[in-house]
Amino acid sequence: MLLEDRVAIVTGGSQGIGRAISLKLSAEGARVSIADVNEEAGNKTAREIREAGGEAIFVKVDVTSPEDTDRMVKETVDSLGALHILVNNAGITRDRLLLRMTDEDWQRVLDVNLKGAFNCIRSSVRVMARARYGRIVNIASIVGITGNPGQANYAASKGGLIALTKTVAREFASRGITCNAVAPGFIDTAMTQAMPEKAREELRGRIPLQRLGTPEDVAEGVLFLASDGAGYITGEVLNINGGMSM
Ligand SMILES: NC(=O)c1ccc[n+]([C@@H]2O[C@H](COP(=O)([O-])OP(=O)(O)OC[C@H]3O[C@@H](n4cnc5c(N)ncnc54)[C@H](O)[C@@H]3O)[C@@H](O)[C@H]2O)c1
């Protein structure tokens with residue numbers, strides 16, 4: 001058990017990659033707080049963990065609201081006793097070519113993907129700094145490094161998240177808090193299932209390992225960065241993309 005006695009918050013933990021991360025951290029002994037806007041799916045995932053013998057709660061949180069993220073940390077500490085690990089996974093897309101992208105498309109994606117992570121980090125680091133221990137893992141994306149047509153808002157949010165990761169790593173290293181990012185390539189979830197089959201097929205052709213990733217592929221990397229074994233790694237970006245960006 002790599003995470004015995006640890007408490008983790010996973011934002012967007014109800015479904016997809018966040019759900020796989022929640023299950024993985026729990027299987028390694030962590031008590032998990034699932035923080036998501038989707039109450040029904042979040043409660044279902046928390047129940048699934050409890051039925052498997054783990055400990056989990058669901059907290060209804062919109063990461064764009066600082067009041068919500070403060071309450072998320074308070075409810076987690078009150079119910080689960082501590083906070084050691086924060087996984088910033090909540091994210092959305094609103095894809096459109098730049099000339100057709102509305103102000104609202106731009107702002108909403110930046111608010112959830114980047115400001116949301118900032119809110120969760122600011123709410124969490126006070127507790128972590130007091131304990132002089134913390135592991136923060138931000139779920140970025142390959143397109144935050146390479147860019148992608150149709151994703152100006154999303155790519156900017158994920159590139160920003162990588163810069164935020166490095167800054168938090170520098171600001172909080174002396175408090176025993178590490179902050180790293182995982183940059184998944186194309187993972188088989190609701191987000192990519194929305195793509196036309198032809199585009200998915202074309203994509204597979206560009207992946208050396210010849211398949212889309214699974215949520216579990218991403219969860220394995222998060223588990224490592226959240227574990228004590230990664231204690232000398234901070235400000236890093238771990239690519240999990242089947243070799244797409246080597
Ligand atoms: N699927 C991929 O190919 C891929 C690739 C790279 C990065 N990512 C990133 O991984 C993360 C998870 O993606 P996924 O594919 O599992 O997506 P998903 O849409 O299946 O899940 C996203 C989760 O975030 C929650 N969420 C959305 N807005 C929220 C908000 N304001 N507050 C709280 N929760 C909110 C949703 O309810 C949902 O449970 C995202 O950050 C995404 O950008 C995904």
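In the predicted model, a polar side-chain atom of Lys158 is placed 2.9 Å from an oxygen atom of the ligand. Thr189 likewise contributes a polar side-chain atom, here at 2.5 Å from a ligand oxygen atom. The protein backbone also takes part: a polar backbone atom of Ile187 lies 2.8 Å from an oxygen atom of the ligand. The ligand would expose 840 Å² if taken alone, and 93% of that area is buried by the protein.

The ligand occupies the largest pocket. Its surroundings comprise 28 residues, of which Gln15, Asp36, Asn89, Tyr154 and Thr189 are the closest. By residue class, this shell consists of 14 nonpolar, eleven polar and three charged residues. Helical elements contribute to the shell as well: at least two of its residues are supplied by each of α1 (16-27), α6 (152-172) and α7 (190-193).

With respect to the overall fold, nine helices and seven strands make up the secondary structure of the protein chain. Along the principal axes, the C-alpha atoms of the chain fill a box of roughly 45 × 35 × 35 Å. The radius of gyration of the protein chain is 17 Å; because a compact globule of 246 residues would have a value near 18 Å, the chain agrees with that expectation.

How values were computed
Residues are numbered from 1 along each chain as its sequence is written. This is a predicted model: local features need pLDDT of at least 70, side-chain atom pairs count only at pLDDT 80 or more; totals for chains, interfaces and linings use all residues. Side-chain values use heavy atoms; hydrogens and water are left out. A residue is near a molecule or strand if one of its heavy atoms lies within 4 Å of it. A polar contact is a pair of N or O atoms within 3.5 Å; within protein, one must be able to donate a hydrogen and the other to accept it, and residues adjacent in sequence count only if both atoms are side-chain atoms. Accessible areas come from the Shrake-Rupley method with a 1.4 Å probe; for residues, only the protein chains shown count as cover. On a 1 Å grid over the protein atoms alone, a cavity is a set of points where a 1.4 Å probe fits but cannot get out, and a pocket is an open set with protein on both sides within 12 Å along at least five of seven lines; lining residues have an atom within 4 Å of a point. A molecule sits in a cavity or pocket if more than half of its atoms lie within 2 Å of its grid points. Helices (H or I, at least four residues) and strands (E, at least two) are DSSP runs, numbered from the N terminus. Ala, Val, Leu, Ile, Met, Phe, Trp, Tyr, Cys and Pro count as nonpolar, Asp, Glu, Lys and Arg as charged, and the others, Gly among them, as polar. The radius of gyration is taken over C-alpha atoms; the globule rule is 2.2 Å times the number of residues to the power 0.38.
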